[in-house]
Number of protein chains: 2
Amino acid sequence: MNRAAISPSPARGPVDHEVRDQIVAAATEHFRLYGYEKTTVSDLAKAIGFSKAYIYKFFDSKQAIGEVICAKCLHEIETDVRTAIDAVDRPPEKLRRMFKAIVESSLRLFVENRKLHDIAVSAAAERWEAVRAFDGRIQAILRDTLRQGRETEEFERKTPLDETATAVFLVMRPYFNPALLQYNYEYAEEARPHLSNLVLRSLSP
Amino acid sequence: MNRAAISPSPARGPVDHEVRDQIVAAATEHFRLYGYEKTTVSDLAKAIGFSKAYIYKFFDSKQAIGEVICAKCLHEIETDVRTAIDAVDRPPEKLRRMFKAIVESSLRLFVENRKLHDIAVSAAAERWEAVRAFDGRIQAILRDTLRQGRETEEFERKTPLDETATAVFLVMRPYFNPALLQYNYEYAEEARPHLSNLVLRSLSP
């Protein structure tokens, strides 16, 4: 972390936004090296070269900083999911690609990146707002894809759409929710195609 | 724990078996009060009134005692599952009952009984032998039920039986595996019927 890059300023406006970004960037680096759970706001302040009080001007708590980092990771996963879905036309293939992308992207972010992993686990276990919002957006993507498949008559229409969307979400969730994924990651690569097949059989008209 | 009930004896044979049972009973009580993770073999020895060396004559480690307790809990769940399945005739209803029984029994054992819960979480997270054996037996019950449903033509037969059994197992697993269930238990009651319906739709011929 280059301390010189951070120039605290009491001024309001765009500068606030820059300081927040700088704190988040420094915190990400610090958490990556030392872990989220074990780091205190004092540790962060020391590492960044700010006073603790100054950090508290911009963030209410360590969790508030963690939430921003977590939201960025989840945004990356969501982008991967949307890219995967947009790459194909047929709803069944969209669902298959979505499941693949969400698992691979989560594994990459949360498992390969062990030190950021504990932010994600805290976030998932404690249901941070960023996680609840992400879950909501994933369910919305699922509902859209299921609706499309019903329109093209590739998916059955008897089951209420919301029930189907919830159930498919619940089948996928253990393979992208970081708190669950930590106990599942050895299975994830093998489980995914079997579960995709099961879900698609359940959707057939 | 009534210490007078425990009469250590160096003799071999059936007495060994009794002492093992006494250690397990005392350990269960102790773990229930103080938790598994935080208890050492020394704590247990003190509580039971045995020497640590004496306990090590019968069990290699704390985990070995935990495995016996865990195996008993899992045996209880398996009995509940078998009872639920045997109570009905049709394979689809058997599956539905199986899922209900395994979730309810796991919630009762692992969630309501908070102090034994941490043995179960360790067991599941570290894949103790007792857990692997249990998973194997649950998969076997699933395979039998699926095979029956294929014979009665209530279930589709195109998908290889093992793939179907694995996939259905993976859908249920987050709701009975204690390491996963700790992050899922608020969802479990609501998720179960939706997931049962999804699985049954996936099995329809």
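**A two-chain predicted model**

Me: Through which surface do the copies meet, chain A and chain B, the same or a different one?
Reply: This is a predicted model, where local features need pLDDT of at least 70, side-chain atom pairs count only at pLDDT 80 or more, and totals for chains, interfaces and linings use all residues. Residues are numbered from 1 along each chain as written, chains are lettered from A in the order written, and side-chain values use heavy atoms, without hydrogens and water. Contact means heavy atoms within 4.5 Å. Of the interface residues of chain A, 100% are also interface residues in chain B, so the copies meet through the same surface.

Me: What relation links chain A to chain B?
Reply: Superpose by least squares on the C-alpha atoms of residues with pLDDT of at least 70 in both copies. Chain A then lies on chain B with an RMSD of 0.0 Å, after a turn of 180 degrees and a shift of 0.0 Å along the axis. That is therefore the relation of a two-fold axis.

Me: Which C-alpha of chain A is nearest the axis?
Reply: The distance is 1.8 Å from the axis. The residue is A:Ser202.

Me: How much area do chain A and chain B bury between them?
Reply: Buried area is the accessible area (1.4 Å probe) that two parts lose on being put together, summed over both. The contact takes 29 residues from chain A and 29 residues from chain B. Carbon and sulfur atoms hold 61% of the buried area, and the total is about 2,700 Å².

Me: How many salt bridges does the rule find across the interface of chain A and chain B?
Reply: A salt bridge puts a side-chain nitrogen of Lys or Arg within 4 Å of a carboxyl oxygen of Asp or Glu. A:Arg201 forms one with B:Glu163, the closest N and O atoms being 3.9 Å apart. Across this interface the rule finds six.

Me: Which helix gives the most to the side of chain A that touches chain B?
Reply: Helices are DSSP runs (H or I, at least four residues), numbered from the N terminus. H8 (161–172), H9 (178–181) and H10 (185–203) of chain A each supply at least two residues of that side. With nine residues, the one that gives the most is H10(A).

Me: In which helix do A:Arg82 and A:Glu78 both lie?
Reply: Their side chains meet in a salt bridge (3.1 Å, N to O). A:Arg82 and A:Glu78 are four residues apart, about one turn of the helix. The helix is H4 (residues 62–86) of chain A.
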